[in-house]
Amino acid sequence: MDNAVWQRVHTLVENANRILLLGHVAPDGDALGSALAVGLALKKRFPRKGIEVSFGDEPFVVPANLQSLPGTDLLVAPADVHPEPDLVMTFDASSIDRLGTLRELAENAPAIIVVDHHASYDGFGDVALVDVKAPATAVVADELIGRLSVVLDADIATCLYTGLVTDTGSFRYAGTTAKTHSFAGRLLDTGIPFDEISRELFDSAPFNYLSLLGGALSRAELVQEAAHGEGMVWTLVPAGDRQALGLAFDLVEPIIDIVRKASEAEVAVVLKEDDEGALRVSMRSKGEVDVSLVASRLGGGGHRYAAGFTADSTDPAQVIASVREQLDS
Ligand code: AMP
Ligand code: MN
Ligand code: MN
């Protein structure tokens, strides 16, 4: 990002009284962590500006494992956000449809600054703080916070660390570099309880989650001939399974991390039925196959190793057939 871009960001931020920060729908730790980190930094630097953080899901449910993030007092449900912000900033969203029910409000705002790291960013913003080499949006958010001359404190660092560990798979994925670890070191220097943060994010769920996981795993299928013999493992998590166990949708998200362990399969796919009956699809690859290409062709996006889309069809057999067709092409 050259200086002219940062200068535009400065001017837009300085001149805005009401700033709305948005993560993508069904936010993960990177989307919500980055938005809250910048929200806290803006509040610190400009205490008199109106700062709201939201995402376009209705009903507005903060995923259980993100509820203890600092700065959640800045969160406002879509129905309650100020309808005419002077500036919108989006986090971890590569296209405007990822803003869900807040899309129109954002489109009508005088300016949108995009903070992101997707190669599939489609250019929807007025100013793009997009670094496709960054392993998480949190890395770009950190640079923005520095450019706003805000010194990291433990609350901001907790939000950034949440984004960083979420998108790097706790520093295991290929996007991780020495710089990533230095950044993590700077965050730890603020004194954050990184062990508690990771436990809350990855290693904590209600007892009934074990049953949900058991059902999903028992239904898993290995299709060895898929993706030119590289192999695909897939499963389905019906909404009924979740509802019977009293579990919210966000508890389905970590299941892909278990399914993708199957070493015979290059690609893992989980079809996640939401409460409206739509099938949201998560895909992971081990590096040979670029799943973002598959997701993009089916109306979604993502990264080489992790991508997703919301299916046009509600029939799991049809959806998995369309994924296979793309993998086999
Ligand atoms: P997930 O499997 O939901 O964790 O998503 C993995 C990655 O795929 C995310 O980081 C997003 O970049 C991308 N992604 C997931 N769903 C969509 C979608 N409906 N549209 C665009 N990108 C998506
Ligand atoms: Mn994300
Ligand atoms: Mn991300």
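**Exercise 1. Locate V267 in the fold, and state whether V267 is buried or exposed.**

Solution. Start with the secondary structure: V267 belongs to strand β8, which covers residues 267-273, where strands are DSSP runs of E with at least two residues, helices are runs of H or I with at least four residues, and both are numbered from the N terminus. Next take the accessibility: V267 has a relative accessible area of 1% and is buried, a term that stands for under 20% relative accessible area, while exposed stands for over 50% and partly exposed for the range in between, with a 1.4 Å probe and protein chains only. Finally look across the chain: G231 is 36 residues away from V267 in sequence, and the C-alpha atoms of the two are separated by 6.4 Å.

Two remarks apply to every exercise here. The model is predicted, so local features need pLDDT of at least 70 and side-chain atom pairs count only at pLDDT 80 or more, whereas totals for chains, interfaces and linings use all residues. Residues are numbered from 1 along each chain as its sequence is written, chains are lettered from A and ligands numbered from 1 in the order in which they are written, and side-chain values use heavy atoms, with hydrogens and water left out.

**Exercise 2. Describe the overall dimensions of the protein, and compare its radius of gyration with that of a compact globule.**

Solution. First list the elements: the protein has twelve helices and eleven strands. Then take the extent of the C-alpha trace, which spans about 55 × 40 × 40 Å along its principal axes. For a chain of 329 residues, a compact globule would have a radius of gyration near 20 Å, and the 19 Å of the protein agrees with this; the radius is taken over C-alpha atoms, and the globule rule is 2.2 Å times the number of residues to the power 0.38. As a last step, note that buried residues account for 52% of the 329 residues.

**Exercise 3. Identify the protein donors of the manganese ion (ligand 2) and of the manganese ion (ligand 3), and find which residue coordinates both.**

Solution. Donors are N, O and S atoms within 2.8 Å of the metal (3.2 Å for Na, K and Ca), and because water is not among the atoms, sites may look incomplete. Around the manganese ion (ligand 2), the protein donors are H24 (NE2), D28 (OD) and D92 (OD), at 2.0 to 2.3 Å, and the spacing of these residues in sequence is H-x3-D-x63-D. The pair D28 and D92 links distant parts of the chain, 64 residues apart: D28 sits in the loop between β1 (18-23) and α2 (29-45), and D92 in the loop between β3 (87-91) and α3 (103-108). Of this pair, D28 is partly exposed at 27% relative accessible area, whereas D92 is buried at 2%.

Around the manganese ion (ligand 3), the protein donors are D30 (OD), D92 (OD), H117 (NE2) and D167 (OD), at 2.1 to 2.2 Å, with the spacing D-x61-D-x24-H-x49-D along the chain. D30 lies in helix α2 and H117 in the loop between β4 (112-116) and β5 (127-130), so this pair ties together parts that are 87 residues apart in sequence. D30 is buried, with a relative accessible area of 0%, and H117 is buried at 4%. The residue that coordinates both ions is D92, and the two manganese ions are 4.0 Å apart.

**Exercise 4. Work out which residues come nearest to ligand 1, and which strand gives the most to the shell around it.**

Solution. Near a molecule means that one heavy atom of the residue lies within 4 Å of it. Of the 14 residues around ligand 1, those that come nearest are H118, S282, R284, A307 and G308. Now turn to individual distances: an N or O atom in the side chain of H118 is 2.4 Å from an oxygen atom of ligand 1, a polar side-chain atom of S282 is 2.6 Å from an oxygen atom of ligand 1, and a polar backbone atom of G308 is 3.2 Å from one. To finish, consider the strands: β9 (279-285), β10 (301-302) and β11 (306-310) each supply at least two residues of the shell, and β11 gives the most, with five residues.

**Exercise 5. Find where the cis peptide bond to P59 lies, and where A227 takes a positive phi.**

Solution. The peptide bond from E58 to P59 is cis, with omega near 5°, and P59 is in the loop between β2 (50-54) and β3. A227, a residue other than glycine, has a positive phi near 50°; A227 is in the loop between β6 (221-223) and β7 (232-237) and is buried, with a relative accessible area of 2%.

Methods
Polar contact = N/O pair within 3.5 Å; in protein donor to acceptor, adjacent residues only side chain to side chain.
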